[in-house]
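Trainee: Could you walk me through this one and show me how each label is earned? I'd like the reasoning, not just the labels.

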Amino acid sequence: MPQREFDITIGKDGNVELHVKGYKGKGCLEAIKMFQQIVGEIQSEQRTSEFYEPEEVVRFNIEQRH
Amino acid sequence: MTPVVIAAWPAFSAAVVAAATSLGYQVAAEATNLKKSAIATQNAAGKIQMEIENSEVMTNQLGRDQRIAVTKGGVTITFSRDARGKASLCVTGEGHDKEELKALGQELSQAVVQQYVYQKLMDEMRARGFNVIEEETNADRSIHLKVRRWDN
């Protein structure tokens, strides 16, 4: 049973930093899309070394639209 | 005191109330008939009008004739939606210069956006079956959440 986990930091200005765990391939992209719908456009993306392992870990910064 | 009517625009006003109370403000009034008293205050005091950065995420929640005012230490901050649909705020306060008023407005408007995003994320995460397993407010006033779900 896979574990899905999000580490979310909401900055004092409302920008969101997201750490995604437990999504593979398209599943990860869908998870990111879901966050875009909730809080806004992606400002930057950083794939950690774990991204290329079977279980993905990806960091995203999501910025509110001005 | 003017009755507080939150049901008409719940998400935005909830964010305003949460952010304002966390910074020591009190809700002064919320209604469509706030205009007259707000204008009277503005004429007698320093005043600054600002847009809320990043407000597009929440403008749909705010009707054009709806306002909410919060006060602290003689400063009144009134939130409304401008003609272009962007949320804005008016900061008034006697004995405060424009820079002070601007700083207070920016501090509160950022906190409102943060609270709005927090509430929206919590609602959406719970709706998708995630449980909040960690939640803390850091010294820099950022909010950290860890949510988890086990899939079949």
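Mentor: Let's go through the model label by label.

Trainee: What kind of model is this, and what scores does it carry?

Mentor: This is a predicted model. The model has an ipTM of 0.74 and a pTM of 0.74.

Trainee: How confident is the predictor in chain B?

Mentor: The mean pLDDT of chain B is 77, and 71% of the residues score at least 70. By element, H2(B), residues 35-43, has the lowest mean at 47, and E6(B) has the highest at 95. Residues 1-9 of chain B fall below 50, though this stretch still has 14 contacts in the model beyond near neighbours in sequence. Residues 33-44 of chain B are below 50 too, with 11 such contacts. Where pLDDT is low, the predicted coordinates should not be read in detail.

Trainee: What makes Val132(B) partly exposed?

Mentor: Count the neighbours: Val132(B) has 14 C-beta neighbours inside 10 Å. Buried takes 20 or more and exposed takes 12 or fewer, so with 14 Val132(B) lands in between and counts as partly exposed. Val132(B) sits in strand E6 of chain B.

Trainee: How do you know which residues Val132(B) touches beyond its sequence neighbours?

Mentor: The test for contact is C-beta atoms within 7 Å. Setting aside the neighbours within four places in sequence, Val132(B) is in contact with Leu145(B) and Val147(B). Take Leu145(B): it is 13 residues from Val132(B) in sequence, and their C-alpha atoms are 7.0 Å apart. That distance is C-alpha to C-alpha, while the contact test uses C-beta atoms.

Trainee: What is unusual about Arg141(B), and why is it called partly exposed?

Mentor: Arg141(B) has a positive phi of about 70 degrees, although it is not a glycine. You'll find Arg141(B) in the loop between E6 (131-137) and E7 of chain B. As for exposure, Arg141(B) has 16 other C-beta atoms within 10 Å; that is over the limit of 12 for exposed and under the 20 needed for buried, so partly exposed is the right call.

Trainee: Which glycines take a positive phi?

Mentor: Among them are Gly14(A), near 95 degrees, in the hairpin of E1(A) and E2(A), which has five residues between the strands, and Gly129(B), at about 85 degrees, just after H3(B).

Trainee: What makes E1(A) and E2(A) a pair?

Mentor: Pairing needs at least two bridges, and six bridges join E1(A) to E2(A), residues 16-23, so the two strands pair. They run antiparallel. One of the matches is Ile8(A), whose bridge partner in E2(A) is Leu18(A).

Trainee: How do you know that E1(A) pairs with a strand of chain B as well?

Mentor: Apply the cut-off of at least two bridges again: eight join E1(A) to E7(B), residues 143-150, so these strands pair across the chains. This pairing is antiparallel, and Phe6(A) stands opposite Val147(B).

Trainee: Which residues make up the contact between the chains?

Mentor: Chain A puts in 21 residues and chain B 26 residues. On the chain A side, E1 (3-10) and H1 (25-39) each supply at least two residues, with E1(A) giving the most, eight residues. By class, that side has eight nonpolar, seven polar and six charged residues.

Trainee: What makes up the largest nonpolar core?

Mentor: The largest nonpolar core has 45 residues, and Ile8(A), Val16(B), Val91(B), Val112(B) and Val117(B) touch the most other members. H3(B), residues 98-127, gives the most to this core, with 11 residues. Members of a core have to be buried, with 20 or more other C-beta atoms within 10 Å, so Ile8(A), as a member, is buried.

Trainee: How do you know that the length of H3(B) fits a helix of 30 residues?

Mentor: H3(B) reaches 43 Å from its first C-alpha to its last, close to the 44 Å expected at 1.5 Å a residue.

Trainee: And how is each chain built?

Mentor: Chain A has one helix and four strands, in the order β-β-α-β-β from the N terminus. Chain B has three helices and seven strands, running α-β-α-β-β-β-β-α-β-β. Buried residues are 26% of the 66 in chain A and 35% of the 152 in chain B.

How values were computed
Residues numbered from 1 in each chain as written. Chains lettered and ligands numbered in written order. Predicted model: local features only at pLDDT ≥ 70, side-chain atom pairs only at ≥ 80, totals over all residues. Contact = placed C-beta atoms within 7 Å. Nonpolar A, V, L, I, M, F, W, Y, C, P; charged D, E, K, R; others polar. Core = buried A, V, L, I, M, F, W, Y, C linked by C-beta atoms within 7 Å. Expected span 1.5 Å × (residues − 1). pLDDT = per-residue confidence, 0-100.
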